[in-house]
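Dear colleague,

I am passing on the structure we spoke about, together with notes on what was found in it. Please look through the model first and then read on.

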Amino acid sequence: MQPVHCKTIRQIVKGVLIRGSEDVVIKHAIDYKRHELTKSHTLLFVRRSEVIDWQELQAKAPVVILTDKPEQELMQAPTGVSVYKVRSTLQAYWQFVTFYREQFSIPVVAVTGTCGKTTTKEMLKYVLEKDQLVQASFSSKNEPRQSLPYLLGITNDTKAAIFELGLGNSGNILHQCMVYKPTIGIVTNIGVHHLDGCGDEAGYIKAKAEILEGLAPDGTLILNADDARTKKMPLSVFKGRVVTFGIQSGMIRASDIQYTKRGMQFKVHADRTYNAFIQSFGEHEVYNALATLAAIQVMGLSLQKAILRLRTFKPLAHHLQFVKGINGSTIIDDTWTTNPTSIEAALNVVQATSTGKKVIVVLGDINRLGRFERKYHQEVGTLLASQHVSMLITVGKKAQEIARQAVMDGLQAEVLKQQTYDELAALIRPKLDANTVVLIKGPMSSRGMKELVTALTHKKGLFRKEISE
């Protein structure tokens with residue numbers, strides 16, 4: 001955080017000093033009870049209903065409180081704790097956030113979408129940070145409550161910022177945009193996810209479309225021109241510039257896409273034609289690269305340099321990560337997350353890279369589909385029925401619907417429906433040889449998925465370190 005003097009903050013929020021000294025320089029700020037107090041010189045936004053641990057605050061003194069609590073309670077503040085009384089803590093929070101964001105005139109990129117958010121954000125960060133200081137959200141930790149700490153990571157030395165926008169419920173994206181005030185927005189794609197928080201597919205699209213309102217009026221929106229649901233966003237409400245990317249169409253387009261032994265080779269058509277390569281598999285990764293390059297072009301930076309830089313970008317752990325398994329088999333670890341869109345992308349990669357091999361697919365439950373759980377599990381089953389699969393194993397009660405539908409639609413494969421991961425590794429291991437590929441697809445939060453990947457590889461510890469580590 002760029003240091004701010006207490007007197008400046010008081011003027012911004014129109015606060016009244018109740019206790020303590022005003023001669024404090026703020027170097028950190030937190031939303032009390034939502035973030036941990038770890039350092040001195042911290043500004044705390046305390047809501048009326050929250051109980052203050054005065055001893056905790058004194059231990060980290062000097063600290064400063066902004067609150068709308070009753071004045072009588074605030075008189076308990078110990079030495080080293082300065083207290084400002086404000087009319088509304090929430091209003092003071094937004095006044096401070098607005099003030100802090102307005103101190104910096106830099107490109108701020110907000111990335112959302114059902115799939116590809118983290119990869120696109122990391123690709124863009126990788127390209128930019130070679131020449132400048134970049135502030136970015138951490139791994140896929142993109143909840144709205146993370147927004148304030150991420151914003152405060154911007155200082156006078158920061159030249160660009162990239163933030164991933166999480167969506168669990170309607171209103172999340174707009175909230176984050178109110179904090180970040182992005183100048184560039186990216187929508188990688190819109191699939192199906194978080195229907196429990198958005199009601200239905202239309203509600204989910206509407207929640208993603210909150211970025212239209214959240215972008216600066218003169219900002220730039222970068223969209224996937226090939227994505228059907230993205231086209232359903234009400235673009236007429238956005239008055240800024242729209243830039244598109246895609247394979248079938250788009251201002252920045254890819255063609256001649258080929259799988260190689262190490263990744264994807266393709267051509268990029270923009271101001272001219274470039275040869276490009278990325279060290280990961282699948283057309284979905286090409287789309288992520290195109291979104292990254294679109295942002296680079298909007299920033300006025302060199303596409304040629306960015307394309308060269310992307311050649312050395314390492315794919316993220318647990319994102320369709322190819323790992324050597326026992327008996328020379330190939331284990332594809334795609335345990336980062338799961339939803340219908342990412343399952344389709346994973347199956348496309350398996351089909352393209354496993355010609356002539358036995359394919360075992362392990363799928364877990366797809367969560368957060370609300371009342372549409374059965375519908376979308378069935379759609380995945382229908383998709384699987386058209387794939388070259390030797391064995392399908394579903395794990396969990398919800399995922400059983402995938403297996404049922406796949407069989408009904410004519411899947412020619414051995415099908416197992418498991419309730420748990422117990423003994424699953426012992427079942428699969430004897431089937432592994434150099435001619436076998438196993439796709440393990442499910443959320444990283446599933447301990448069983450992680451243990452299964454480890455059990456099917458030569459030794460423990462083959463996981464690449466996650467970004468969050």
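Contact here means heavy atoms within 4.5 Å, and it is in this sense that helix H4 (residues 89-101) lies across S4, S5 and S6, running at about 140° to S5. Please keep in mind throughout that this is a predicted model.

The sheet under H4 may be the best place to begin. It is an open sheet of five strands in the order S2-S7-S6-S5-S4, with mixed pairing, and its edge strands are S2 (16-19) and S4 (28-31), each of which pairs on one side only. From one strand to the next the twist averages 25°. At the S2 edge, S2 pairs with strand S7 (residues 81-85) in the antiparallel sense over three bridges, and Leu17 stands opposite Tyr84 in S7. Helix H1 (residues 6-13) also packs on this sheet, touching S5 (42-46), S6 (63-67) and S7, and its direction makes about 5° with that of S6.

Another part of the chain that deserves attention is strand S22 (residues 436-441). Six of its six residues are buried, so the strand is largely enclosed by the rest of the structure. In a regular strand the side chains alternate between the two faces of the sheet. Here Thr436, Val438 and Ile440 point one way from S22, while Val437, Leu439 and Lys441 point the other way, and all are buried. S22 pairs in the parallel sense with strand S18 (residues 330-334) over five bridges, where Asp333 stands opposite Ile440. S22 also pairs in the parallel sense with strand S19 (residues 358-364), over six bridges, and in that pairing Lys358 stands opposite Thr436.

Lys358 has a further role in the contacts, since its side chain meets that of Asp433 in a salt bridge (3.1 Å, N to O). Asp433 lies in the loop between helix H16 (424-428) and S22, and Lys358 in strand S19, so the pair ties together parts that are 75 residues apart in sequence. Asp433, at 29% relative accessibility, counts as partly exposed, and Lys358, at 32%, counts as partly exposed as well.

The count of salt bridges comes to 16. One of them joins the side chains of Glu401 and Arg404 (2.9 Å, N to O); both residues lie in helix H15 (residues 400-408), three residues apart, about one turn of the helix. Glu401 counts as buried at 14% relative accessibility, whereas Arg404 is partly exposed, with a relative accessible area of 35%. The side chains of Lys69 and Glu73 also meet in a salt bridge (3.1 Å, N to O), with Lys69 buried at 3% relative accessibility and Glu73 partly exposed at 25%. In addition, Asp31, Arg34, Arg47 and Glu50 are linked in a network of salt bridges.

Finally, there is a helix pair to examine. Helix H11 (residues 283-298) and helix H12 (residues 303-310) pack at an angle of about 145°, with their axes 10 Å apart, and H11 passes H12 in a right-handed crossing. Ala289, Leu293, Ile296 and Gln297 in H11 meet Leu303, Ala306, Ile307 and Leu310 in H12; by class, this contact has seven nonpolar residues, one polar residue and no charged ones.

With best wishes

Definitions and conventions
Residues are numbered from 1 along each chain as its sequence is written. This is a predicted model: local features need pLDDT of at least 70, side-chain atom pairs count only at pLDDT 80 or more; totals for chains, interfaces and linings use all residues. Side-chain values use heavy atoms; hydrogens and water are left out. Buried means under 20% relative accessible area, exposed over 50%, partly exposed in between (1.4 Å probe, protein chains only). Helices (H or I, at least four residues) and strands (E, at least two) are DSSP runs, numbered from the N terminus. Two strands pair if DSSP finds at least two bridges between them. Axes are lines fitted to C-alpha atoms, for helices over the stretch in contact, and angles run from 0 to 180 degrees between N-to-C directions. A crossing is left-handed if the near helix is turned anticlockwise from the far one by less than a right angle, and right-handed if clockwise. Ala, Val, Leu, Ile, Met, Phe, Trp, Tyr, Cys and Pro count as nonpolar, Asp, Glu, Lys and Arg as charged, and the others, Gly among them, as polar. A salt bridge is a side-chain nitrogen of Lys or Arg within 4 Å of a carboxyl oxygen of Asp or Glu.
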